[in-house]
Each structure stands twice: as C-alpha cells, then as structure tokens.
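Here is a short report on one fold. It covers the sheet, the cores and one loop.

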Amino acid sequence: MKILLINYGTSNINSIYNSLKRIKKIQIFINNFKIKKYDKIIFPGQGHIKNSIDFLLNKENILEYIKNTHILGICIGYHIFFNKSEEHLKTQCLGIFKENISLLSNNCCYNTYTPNIGWSPVQIIKNHKIFNNLPNMFSQYFMHSYSSIYNKQLYSYAISKFNNKTFNSIIIKENKFLFQFHPEKGGYYGYHIINNFLKL
C-alpha cells in the first residue's frame, strides 16, 4: 500500500507517521507529487489555513488525487476542503464543501478566545464501515479553534460540542474522510479508526 503524507511545512507529521508505521506495513511518501497513483492520501493537522492552501496550490496531480483516492483529512486537513475559513477569509480553499469553517472559540460576553484543547466526546450519528469496532460515543483528542457547525448536513457522521456549539467532528463524502480531532493522538479508538481507514 502506497500512502502520500502531506507536509505543509508548518505541521507536525511525526505522530501520524509513527501511527501509520505501527498499524501496518506500508510505503509512506512525504510530498512526493510525481507518483500518479496512491492508495491513500493523508492531510495531517496543525497549521494555518493560508499557509496550507498556499502550499497545495499548483502541486502536480493534487486535484486528481482528491478526486480518485481515499483521503484522510485531520484538523487543518479537514478545513482545507471547505469554501473558506474564518481563520483567514481572504484565502479561497478547495471548495469541495460549499460552506465556511467557523470560529468556535469566541466568548460573546468577554471578547476572549479559548481554543478547544483536550479530550472530548465524539458521538456517531450515522453508520459507516470506518466505525467498525467503535462504540457510538468515544473520546478523542482535539486541538482547534475552528470547525464546521453542525446543521444536519448529509455529510455529517459524528458530532461534538464546544463552547455551547455543536460541530461536525467527522465528515464523510464519497472518498473523503475528515476528522476534526487527532486520531493519531487518540489512543485505542484513534488507532482503530486509522486502521479502519487503511482497510477501505
């Protein structure tokens, strides 16, 4: 199995790299856009939306990869598939999902910003084989300030809550599997959901 791991230059890819190596014997290629076909592509977490999109622009084969390969997007690697993000509204993202990523961490009363960092529940609301051997509710590690607000979208498969807001913690559409949390830091259940993705 050949996996392309994207490194935007600002993200820490060591955790996801080590998780992949621990789960299965696979070939991992980092930023090798010359190969025409991969089995899986992973857009890891951490980073700024503008820097991430700037890095991806005009990369050879990137649009073909997105159309034809199983995609795992984590945190910022989830946000890039939306139209825009409130993190930097002047940046046009990939636009696969025709809505914007919203700020979750603002406090209306005190004008302060507290990111969502730590373990929080993930509630599955729609079945998919990527959830094999997972309970309907499990905890995962989050580290973010922005996300897609839950509004009963067809692509919503799991939800979580922060700052009195419900957001989409797992989005699935066709070949795209987007996690707001960091499964590579998510212990037992994080291990299983990555393993299930590799089996798709």
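Buried means under 20% relative accessible area, and exposed means over 50%. By that cut-off, six of the seven residues of β12 are buried, so this strand is largely enclosed by the rest of the structure. The model is predicted.

**The sheet**

β12 sits in an open sheet of nine strands with mixed pairing. The strand order is β2-β1-β3-β4-β14-β13-β12-β9-β10. Its edge strands are β2 (27–30) and β10 (137–144), each of which pairs on one side only. From one strand to the next, the twist averages 25 degrees.

β12 (residues 156–162) runs antiparallel to β13 (residues 165–173), and six bridges join them. β12 also runs antiparallel to β9 (residues 116–124), here with two bridges. The table lists residue pairs across these strands.

| Residue | Opposite residue | Strand of the opposite residue |
|---|---|---|
| A158 | I170 | β13 |
| S156 | I171 | β13 |
| Q123 | I159 | β12 |

β12 and β13 form a hairpin with two residues between the strands. In this hairpin N163 takes a positive phi near 55 degrees.

Side chains in a regular strand alternate between the two faces of the sheet.

**A helix across the sheet**

Helix α1 (residues 14–23) lies across four strands: β1 (2–5), β2, β3 (40–43) and β4 (70–74). Its direction makes an angle of about 165 degrees with β2.

**The cores**

Nonpolar side chains tend to be buried together in soluble globular proteins. Here the largest nonpolar core has 33 residues. Which of them touch the most other members? They are I16, L20, I42, I130, F131, I170 and I193. Helix α5 (residues 187–199) gives the largest share of this core, four residues.

I193 touches I130, F131, L134, I170, F179, F181 and P183, leaving aside residues up to four places away in sequence. I170, one of these contacts, is also the bridge partner of A158.

A second core is separate and has 29 residues. Among them are I53, L56, I66 and L103.

**An exposed lysine**

K90 lies in the loop between β5 (82–85) and β6 (97–103). Is K90 buried or exposed? Its relative accessible area is 80%, so K90 is exposed. K90 and K50 are 40 residues apart in sequence. In space, their C-alpha atoms are 8.5 Å apart.

Definitions and conventions
Residues are numbered from 1 along each chain as its sequence is written. This is a predicted model: local features need pLDDT of at least 70, side-chain atom pairs count only at pLDDT 80 or more; totals for chains, interfaces and linings use all residues. Side-chain values use heavy atoms; hydrogens and water are left out. A nonpolar core is a set of buried Ala, Val, Leu, Ile, Met, Phe, Trp, Tyr and Cys residues joined through side-chain atoms within 4.5 Å. Buried means under 20% relative accessible area, exposed over 50%, partly exposed in between (1.4 Å probe, protein chains only). Contact means heavy atoms within 4.5 Å. Two strands pair if DSSP finds at least two bridges between them. Axes are lines fitted to C-alpha atoms, for helices over the stretch in contact, and angles run from 0 to 180 degrees between N-to-C directions.
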